[in-house]
Amino acid sequence: MYLTPEKELYTIIQQYYSGKFQDIAFLDLDVEFDFSNILYDIEAHFYKIRSLIELDDHTNASKLLAQLEDKIISNTPTNIDSKTSDLLVLDIKVLNSFIEFKSNGKVDAELLDSVDTEIPSLALVYKSIIQPDANISIASPDLDLEAFVFTLFSKDADNIDPKTISQFKKHYSDSLILDFAVSWLGLVNTTLDSNTNDADSPINLKNSYYFFDELTSSSNTDSAKNLINLLACQLKLGNIPESIECIEKLDTLNVNPKWTYSLLINKIALNSLTSNSLERNRLIEELKNKFPNSPYVHDLNEKSELFDSIVESYN
């Protein structure tokens, strides 16, 4: 059953999806927070553990996973029913498996096969990351909205029916996870009308712009990740001065390496729009050196080869 998060958990979710992993890692959840529900407490600890994994602090993540499993077991069945407890313990096992996967590439196929692909869960999110080609079909988002949104959006963003998202938006109007997902979809989707004002279709570029603009205006969610998303919105809307302001602010931040790829692509786009070919070429070379096998570089190489073939045909 989907639960509306209380303020403390809501703040942690905001920080997690804003990429403020270090801030969450420093939190002492057992001392600084007093959750009204044991499931809120457990979910908050999962976000801290996942933040540590994002920071490659696998040692502390593993320690917290062991402590969290003890907490779940000690609260079953008094405060947690057995079925929910089993799902949470499986989440822990798959997160431990994910750490192994990140550390040495090892895949526990037997464990991943035990994850029910019909039931949304945190385990399903990480199964989808480890095995991206897994045939996952979710019937309902009732148990874990994040798993549902993750698997739905990771399949093919361009082909998602906006009506489906609109229905979820109405049903889970207070869900921050869905807000982030819908805003991201409005930013990256290439088939929807970016200027639509249809109230039944929250997926559009302007809504994404307002969402990320608000996040970057709050100290709790002002982050390099959200600022890069705002930069992409500004570029797509043709707001060049505002895009330059975003770049200038990003240049003062310590950007997580996992977002360097997106930042470089957006910088290339800005310099293309401003006809700064010298800086654009420099950024392209940096992108090729850091991410030689990326889709963007492959696309650049294909276009270059096509251009060369056209030139050759006229010689």
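Let me start with two helices in this predicted model, helix 14, which covers residues 240-250, and helix 15, which covers residues 260-273, whose axes come within 11 Å and cross at roughly 140°. That angle makes helix 14 oblique to helix 15, because an angle has to be over 145 degrees to count as roughly antiparallel. The crossing of these two helices, 14 and 15, is left-handed. On the helix 14 side the contact is made by Ile-240, Ser-243, Ile-244, Ile-247 and Leu-250, and on the helix 15 side by Leu-263, Lys-267, Leu-270 and Leu-273, and these residues divide into seven nonpolar, one polar and one charged.

Now please find helix 5 and helix 6, whose axes come within 10 Å and cross at roughly 165°, which makes helix 5 roughly antiparallel to helix 6. Helix 5 also passes helix 6 in a left-handed crossing. Among the residues that make this contact are Leu-65, Leu-68 and Ile-72 of helix 5, together with Leu-88, Ile-92 and Leu-95 of helix 6, and the residues of the whole contact divide into nine nonpolar, five polar and two charged.

Let me stay with helix 6. How far apart are its end C-alpha atoms? Helix 6 has 23 residues, 82-104, which at 1.5 Å a residue should span 33 Å, and the end C-alpha atoms are indeed 33 Å apart, so the two values agree. The buried residues of helix 6 include Val-89, Leu-90, Asp-91 and Phe-98, and the buried residues of this helix pack against helix 4 (38-54), helix 5 (58-74), helix 7 (109-113) and helix 8 (122-130).

Key. Residues are numbered from 1 along each chain as its sequence is written. This is a predicted model: local features need pLDDT of at least 70, side-chain atom pairs count only at pLDDT 80 or more; totals for chains, interfaces and linings use all residues. Side-chain values use heavy atoms; hydrogens and water are left out. Axes are lines fitted to C-alpha atoms, for helices over the stretch in contact, and angles run from 0 to 180 degrees between N-to-C directions. Helices (H or I, at least four residues) and strands (E, at least two) are DSSP runs, numbered from the N terminus. Angles under 35 degrees count as roughly parallel, over 145 as roughly antiparallel, 65 to 115 as roughly perpendicular and the rest as oblique. A crossing is left-handed if the near helix is turned anticlockwise from the far one by less than a right angle, and right-handed if clockwise. Contact means heavy atoms within 4.5 Å. Ala, Val, Leu, Ile, Met, Phe, Trp, Tyr, Cys and Pro count as nonpolar, Asp, Glu, Lys and Arg as charged, and the others, Gly among them, as polar. The expected span of a helix is 1.5 Å times one less than its number of residues. Buried means under 20% relative accessible area, exposed over 50%, partly exposed in between (1.4 Å probe, protein chains only).
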